[in-house]
Number of protein chains: 2
Amino acid sequence: MATLRDVARLAGVDPSTVSRVVNGDQDLVIKEETRQRILKAVETLGYRPNAIARSLRLQRTRTIGLLVPDICNPFFPEVIRGAEAVASEAGYHVIFGNTDDDPAKERRFIDTLLAARCDGLILATAMTRDQTIEYLSEQGLPFVLVNRYTLGTDHYVVTDNLQAGREAVAHLIELGHRRIAHLAGPLFTDTGLSRLQGYRTALREAGITFHSAYVEECDFKEASGYEGARRLLQLDPRPTAIFAANDLIAIGVYRAAAEAGLRIPDDLSVVGHNDIPAATYLHPQLTTIRVPLNEMGRSSARLLVELIERGEATETPVVLKTELVVRGSTAPPRE
Amino acid sequence: MATLRDVARLAGVDPSTVSRVVNGDQDLVIKEETRQRILKAVETLGYRPNAIARSLRLQRTRTIGLLVPDICNPFFPEVIRGAEAVASEAGYHVIFGNTDDDPAKERRFIDTLLAARCDGLILATAMTRDQTIEYLSEQGLPFVLVNRYTLGTDHYVVTDNLQAGREAVAHLIELGHRRIAHLAGPLFTDTGLSRLQGYRTALREAGITFHSAYVEECDFKEASGYEGARRLLQLDPRPTAIFAANDLIAIGVYRAAAEAGLRIPDDLSVVGHNDIPAATYLHPQLTTIRVPLNEMGRSSARLLVELIERGEATETPVVLKTELVVRGSTAPPRE
DNA sequence: CCCACACAGTCAAACGATTTCACGGGGGTG
DNA sequence: CACCCCCGTGAAATCGTTTGACTGTGTGGG
């Protein structure tokens with residue numbers, strides 16, 4: 001592969017001149033004819049600047065890291081897509097990694113990214129310990145948190161999970177439900193906790209007493225949603241509605257309801273959270289909270305690029321709006 | 001951030017000696033005491049070899065590119081996960097990119113990866129023109145194709161789509177179906193075409209005549225599956241079973257069937273392809289062809305790493321086994 | 001006549017590692 | 001005693017760019 005020197009030799013000029021021409025240096029005074037000669041040499045040799053050499057010289061790689069716990073969780077593909085699109089447009093490559101919510105794996109990955117001298121990091125990992133945040137701050141590497149808030153940084157992109165939970169449950173109450181259960185996410189996550197608080201807030205505002213038996217903790221996956229729902233549906237009196245902390249859990253509820261011979265929404269109303277594509281694949285389609293997943297990804301990349309290039313971000317943190325999408329899975333209770 | 005020189009200065013040795021110690025050079029003869037002194041210096045300074053400088057010197061980046069058409073298609077997350085896991089274990093970073101099946105975008109992305117001097121490429125893009133393959137071969141960059149076969153390279157990881165289609169349809173025939181329709185994938189894709197051929201093969205083997213009215217071409221997405229199914233279900237006589245070219249299309253069939261008041265599997269049997277997670281979220285759960293998605297990703301990364309490091313691969317191409325998974329969406333036809 | 005300045009580039013030193021070759025001193029061999 | 005080898009390390013080239021400082025003409029003004 002041709003280098004700057006090769007091009008210079010062919011064009012009969014100094015490598016530095018080629019560099020300036022290729023990079024469009026404004027201060028360079030050069031005869032149009034020489035310019036053309038250089039450009040032609042670039043063309044014939046198929047010259048492509050070596051990004052590695054450039055990175056070494058410039059002390060920046062135009063590369064960012066993107067860590068997610070598990071790309072197979074349908075929450076993340078959209079986020080990744082948005083982030084990659086913005087990064088790509090801004091001229092950055094995205095190095096991608098799965099952490100499986102394993103702090104050791106996360107740490108290892110960050111270390112290799114540090115060695116690769118990447119310019120910044122997007123962390124979409126729910127479980128990230130503040131240890132990681134501290135470590136990152138120490139290293140002086142710009143980073144942005146997605147769907148997670150923590151002390152120690154203002155650079156994060158979130159939605160108002162409490163408000164979303166409150167709105168979801170208020171919708172059920174408005175339909176006439178009183179016995180509303182909640183399948184919570186892991187309570188060590190910010191999102192799981194806030195949605196539970198939203199649930200409690202809505203109940204309180206409607207003057208409905210909170211029963212801890214109506215809350216089961218799940219892990220944001222379908223299987224645990226199914227398990228949790230089975231337990232809830234055996235309760236007496238049985239809840240007439242369930243607010244699931246995410247759509248995957250809600251899908252588990254559908255399965256449990258079908259097995260128990262309960263029809264949605266006639267016998268049981270269900271609300272989810274996130275509005276993943278699968279929410280509309282269900283029958284009936286799932287009432288849920290729409291989260292602008294793609295926009296979360298885009299915002300986080302925008303924020304990070306700004307942080308890298310200007311050293312500070314204009315608007316941060318970013319709090320995005322969610323919206324209740326009413327579909328077929330919610331209806332007034334029978335009775 | 002500390003450099004080799006800093007460490008050398010602190011330990012009172014030459015940078016080259018530090019390099020040898022850090023890289024565990026076998027030929028190096030060194031006093032244990034000096035070794036320890038160097039290691040201690042590395043520790044105190046928090047020295048981390050600069051991968052950029054190393055890449056420049058070594059002419060390899062330990063980075064591979066991974067191109068998919070659309071990460072939001074549930075086929076890909078598992079593949080990506082598998083590939084990333086293997087790459088990571090082998091000490092490679094994965095640069096990820098969405099092409100949206102846009103050849104221009106794909107080309108741009110490859111060009112930036114070429115500039116970044118990545119060591120190899122995994123292409124999971126269905127639409128890839130042979131132009132791209134040619135270009136890549138010209139550049140001498142090792143690459144592996146996933147879920148796609150083409151002339152001009154032996155390095156690909158696939159499943160036998162024809163056989164899978166044949167098996168899916170044979171299952172329906174065995175249940176007693178005769179009026180079997182097919183919602184095909186895009187016929188410019190290898191996978192779409194092969195599954196259609198499998199469908200035709202199974203019909204032929206059973207002595208059932210092929211009706212082109214029973215085949216609709218879709219684009220592997222839920223919406224077009226829905227549209228296609230609506231058309232098929234208006235046919236007279238109506239098909240009693242549909243083989244969908246992928247699970248997303250099958251999900252569209254569920255929606256169309258529900259709207260038409262048809263029950264699955266009583267009034268209509270459905271078979272999909274891929275066994276994405278959503279296949280089990282449906283009610284009834286979808287009978288489908290299980291594709292080892294994760295293993296496809298793993299194999300492709302293994303193949304690529306071997307190609308990069310040894311210059312050739314031991315077993316290539318890789319053809320993985322698929323398996324019919326019978327669930328609740330198929331049953332004998334009523335009548 | 002001399003200085004300043006525009007022009008058209010060139011020179012050389014980084015950036016941070018790796019690796020080949022060389023070297024000085026000590027010990028063993030003939 | 002001369003020679004050689006081995007040990008432990010050092011010097012220097014190299015990878016491909018970028019960039020601040022510089023050079024050597026020619027032209028114009030005072």
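Me: Let's start with one side chain: what is the relative accessible area of B:Tyr149?
Reply: Welcome! This is a predicted model, in which local features need pLDDT of at least 70 and side-chain atom pairs count only at pLDDT 80 or more, while totals for chains, interfaces and linings use all residues. Residues are numbered from 1 along each chain as its sequence is written, chains are lettered from A and ligands numbered from 1 in the order in which they are written, and side-chain values use heavy atoms, leaving out hydrogens and water. With a 1.4 Å probe and protein chains only, buried means under 20% relative accessible area, exposed over 50%, and partly exposed in between. B:Tyr149 is partly exposed, since its relative accessible area is 38%.

Me: How many aromatic pairs does the structure hold over all chains, and how are the planes of B:Phe75 and B:Phe76 set?
Reply: Rings of Phe, Tyr and Trp (its six-membered ring) pair if their centres lie within 6.5 Å; planes under 30 degrees apart are stacked, over 60 edge-to-face, and the rest tilted. Over all chains there are seven such pairs. In one of them, the ring centres of B:Phe75 and B:Phe76 lie 5.1 Å apart with planes at 75°, so this pair is edge-to-face.

Me: Which tyrosine forms an aromatic pair with B:Tyr149?
Reply: The two ring centres are 5.2 Å apart and the planes meet at 75°, so this pair is edge-to-face. The partner counts as buried, because its relative accessibility is 10%. That partner is B:Tyr156.

Me: How many disulfides are there over all chains?
Reply: A disulfide is a covalent bond between the sulfur atoms of two cysteines. Here the rule asks for a pair of cysteine sulfur atoms within 2.5 Å. By this rule, the count over all chains is zero.

Me: Which cysteine has the sulfur nearest to that of A:Cys118, and how far away is it?
Reply: A:Cys118 is buried, with a relative accessible area of 5%. A:Cys118 is in no disulfide. The nearest cysteine sulfur belongs to B:Cys118, at a distance of 17 Å.

Me: Why is B:Cys72 without a bond to another cysteine?
Reply: B:Cys72 is partly exposed, with a relative accessible area of 24%. Its closest cysteine sulfur, in A:Cys72, is too far for a bond because the separation is 13 Å.

Me: Which residue of chain B does the side chain of A:Arg81 contact?
Reply: A:Arg81 sits in helix 5 (residues 75-89) of chain A; helices (H or I, at least four residues) are DSSP runs, numbered from the N terminus. A:Arg81 counts as buried because its relative accessibility is 19%. A polar contact is a pair of N or O atoms within 3.5 Å; within protein, one must be able to donate a hydrogen and the other to accept it, and residues adjacent in sequence count only if both atoms are side-chain atoms. At 3.0 Å, the side chain of A:Arg81 makes such a contact with the side chain of B:Asp70.

Me: Now for the DNA: how many residues surround strand C?
Reply: A residue is near a strand if one of its heavy atoms lies within 4 Å of it. The closest to DNA strand C are A:Thr17, B:Leu4, B:Ser19, B:Arg54 and B:Arg57, and the total around this strand is 26.
Sugar and phosphate make up 62% of the atoms of DNA strand C that come within 4 Å of the protein. By class, the residues near this strand are 10 nonpolar, nine polar and seven charged, and the number surrounding the strand is 26.

Me: Which residue has a backbone atom 3.3 Å from a base nitrogen of DNA strand C?
Reply: Phosphate oxygens of this strand also have partners: a backbone N or O atom of A:Lys31 lies 2.7 Å from one, and a polar side-chain atom of B:Asn23 lies 2.9 Å from one. For the base nitrogen, the polar backbone atom belongs to B:Ala53.

Me: Which element gives the most to the surface near DNA strand D?
Reply: Around DNA strand D there are 27 residues, with A:Leu4, A:Arg20, A:Arg54, A:Arg57 and B:Asp14 coming nearest. A backbone N or O atom of A:Leu4 is 2.5 Å from a phosphate oxygen of this strand, and a side-chain N or O atom of A:Tyr47 is 2.9 Å from one. With four residues, the element that gives the most is helix 4 of chain A.

Note on methods. Ala, Val, Leu, Ile, Met, Phe, Trp, Tyr, Cys and Pro count as nonpolar, Asp, Glu, Lys and Arg as charged, and the others, Gly among them, as polar. Helices (H or I, at least four residues) and strands (E, at least two) are DSSP runs, numbered from the N terminus.
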